[in-house]
Amino acid sequence: MRMNSKRLILLTNTWPFDGGETFIDNEAGYLSEAFDSVEVFPLYHDGNDKRPVPSNFNVHKPALRKNPKNKVALLRQGIFSTAPLFFAIKELFSDKCLTGKKLWNLCTGALTFRASYPTLKRFGLTNNDVLYSYWGDKWSASLPFAKEISGCKCVARFHGTDLFEEVKGYIPFRKALFNSLDAAFPISDAGAKYIKERYNYNGYVKVARLGVPKAVANPPSDGSCFKIVSCSNVIPLKRLDLIANALPLLDFPIKWTHIGDGVMLSSIKELCQNFPSHISVDFKGRLSNSDVRKLYATEHFDIFLNVSSSEGLPVSIMEAFSQGIPALATNVGGTSEIVDSTVGGLLPACITPDNLAVAIREIRDNYTNTIRENALERWSSMCDASINYKAFTKALLSI
């Protein structure tokens, strides 16, 4: 039985298309139970590979005709829009965004907003609706205008790259966004602190961690080698070259399995071509969330490795914990809120291949079943989807 007859408008980047934003899959069922209907508006998508959604979800065509990385298409759609522009011009001068990366980010942000603005009419908003931007950038620039038009409730989640401006250098339209929010939902304590201190935001802020469901435990080791797994897009932010350069420094048998693809995949594979014979590597490519879970349920892994330069609070680590796989991860974003020495270990954000090799050796030399048990307990206490998403939907309905 649904808790409320309210309607939710959910703004995503591409979900439920293109295989991205898989963590929304876990949240969707709880939103379905909490709201009578959910209208989903992807910003864009590159294909027609649509994942299943709950029966009361209505998925609309995307706001942008092309991926916003297609600058020519974005320029055409953004320029020939009837969307407001004065607010962007005002920010251009008030924030002194006249040169470099700031100017670029402001222009692309304004074009994305102007290209997507006509879609606001399709929302059909009323003051009884909740407008929920899954990210704190891109789509979220529309929230102030949606609120002005309809008086609806506006909320946004904040993760990593859509919150911590040091990653991108500058994220435009922050003041307008926070002035329009009825609630800000960072996924980590670090995010909540950043919102309050960086933006002097005194509104409603509630940490709403993501979560993953219970899964089959990772099988025990056969003792053949030390097995490392990582799961991420293969992009500069994820720094997989650190792993590729660290492993040859170790003198014991290792198998590295990586799940995911991206623009740096070929260069990472090249780094692995000259691995010594005692190190093997298996690039799985992009897998569905269910296939990742099946892999963790059937193949033993000693440690999950995350060496990103920036994070919100990684769902990939939560997934590993849910199946009893400990994690070594860089101390960035909110990672330290779930990773410590009892469930693996924290690595310095500025880690080098030499440092990483030492950390891998230490975890291997001191490995016990206790850290695997602790990893599963950490999932149960902090990363359980049934707990986290029920709390989140309850907060949404209370706004």
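The lining of the largest cavity in this predicted model comprises five nonpolar, five polar and one charged residues. The space inside the largest cavity amounts to about 50 Å³. Its lining consists of Ser230, Cys231, Ser232, Lys238, Leu240, Ile243, His258, Leu305, Asn306, Val307 and Ser308. Strand β7 (226-231), helix α10 (240-246) and strand β10 (303-306) each contribute at least two residues to this lining.

In all, two cavities of 30 Å³ or more are counted. The second largest cavity has a volume of about 40 Å³. The residues around the second largest cavity are Phe87, Ala141, Pro144, Phe145, Phe173, Ala176 and Leu177. By class, they divide into seven nonpolar, no polar and no charged. Helices α6 and α8 each provide at least two residues of the lining of the second largest cavity.

**The second largest pocket**

Helices α6 and α8 also appear in the description of an open site. The second largest pocket holds about 410 Å³ of space. Seventeen residues line the second largest pocket, and those closest to its centre are Glu91, Ser94, Phe173, Lys175 and Ala176. Phe173 and Ala176 belong to the lining of the second largest cavity as well. Three helices, α3 (86-94), α6 (143-150) and α8 (174-180), each give at least two residues to the lining of the second largest pocket. The largest share, four residues, is that of α3. In terms of class, the lining of this pocket has eight nonpolar, one polar and eight charged residues, whereas the lining of the second largest cavity has seven nonpolar, no polar and no charged.

**Salt bridges**

The number of salt bridges in the model comes to 17. Three of these pairs are listed below with the separation of their closest N and O atoms.

| Acidic residue | Basic residue | Closest N and O atoms |
|---|---|---|
| Aspartate 129 | Arginine 7 | 2.8 Å |
| Aspartate 182 | Lysine 147 | 2.6 Å |
| Glutamate 165 | Arginine 198 | 3.8 Å |

The salt bridge between arginine 7 and aspartate 129 has its closest N and O atoms 2.8 Å apart. This pair links distant parts of the chain, with the two positions 122 residues apart in numbering. Arginine 7 is in strand β1 (residues 7-12), and aspartate 129 is in the loop between α5 (120-123) and β4 (130-133). Arginine 7 and aspartate 129 are both buried.

The salt bridge of aspartate 182 with lysine 147 has its closest N and O atoms 2.6 Å apart. Aspartate 182 sits in the loop between α8 and β6 (183-186) and lysine 147 in helix α6, so the bridge ties together parts that are 35 residues apart in sequence. Aspartate 182 has a relative accessible area of 23% and is therefore partly exposed. Lysine 147 is likewise partly exposed, with a relative accessible area of 23%.

Glutamate 165 and arginine 198 form a salt bridge whose closest N and O atoms are 3.8 Å apart. Because glutamate 165 lies in helix α7 (residues 165-168) and arginine 198 in helix α9 (residues 189-198), the pair ties together parts that are 33 residues apart in sequence. Glutamate 165 is buried, its relative accessible area being 6%, while arginine 198, at 40% relative accessibility, counts as partly exposed. In addition, salt bridges with shared partners join Asp137, Lys138 and Lys168 into one network.

**The chain as a whole**

The protein chain contains 16 helices and 12 strands. Its C-alpha trace spans about 65 × 55 × 40 Å along the principal axes. A compact globule with 399 residues would have a radius of gyration near 21 Å, and the value of 22 Å for the protein chain agrees with this. Of the 399 residues of the protein chain, 57% count as buried. Among contacts between residues at least 6 apart in sequence, 71% join residues at least 24 apart. The bridge from arginine 7 to aspartate 129 is one link between distant parts of the chain.

Notes:
Residues numbered from 1 in each chain as written. Predicted model: local features only at pLDDT ≥ 70, side-chain atom pairs only at ≥ 80, totals over all residues. Heavy atoms only, no water. 1 Å grid on protein atoms, 1.4 Å probe; cavity = no way out; pocket = protein on both sides within 12 Å on 5 of 7 lines; lining within 4 Å. Points joined across faces, edges and corners; volume = space filled by probe spheres on them. Nonpolar A, V, L, I, M, F, W, Y, C, P; charged D, E, K, R; others polar. Salt bridge = Lys/Arg side-chain N within 4 Å of Asp/Glu carboxyl O. Buried < 20%, exposed > 50% of the residue type's maximum accessible area, 1.4 Å probe, protein only. Rg over C-alpha atoms; globule rule 2.2 N^0.38 Å. Contact = heavy atoms within 4.5 Å.
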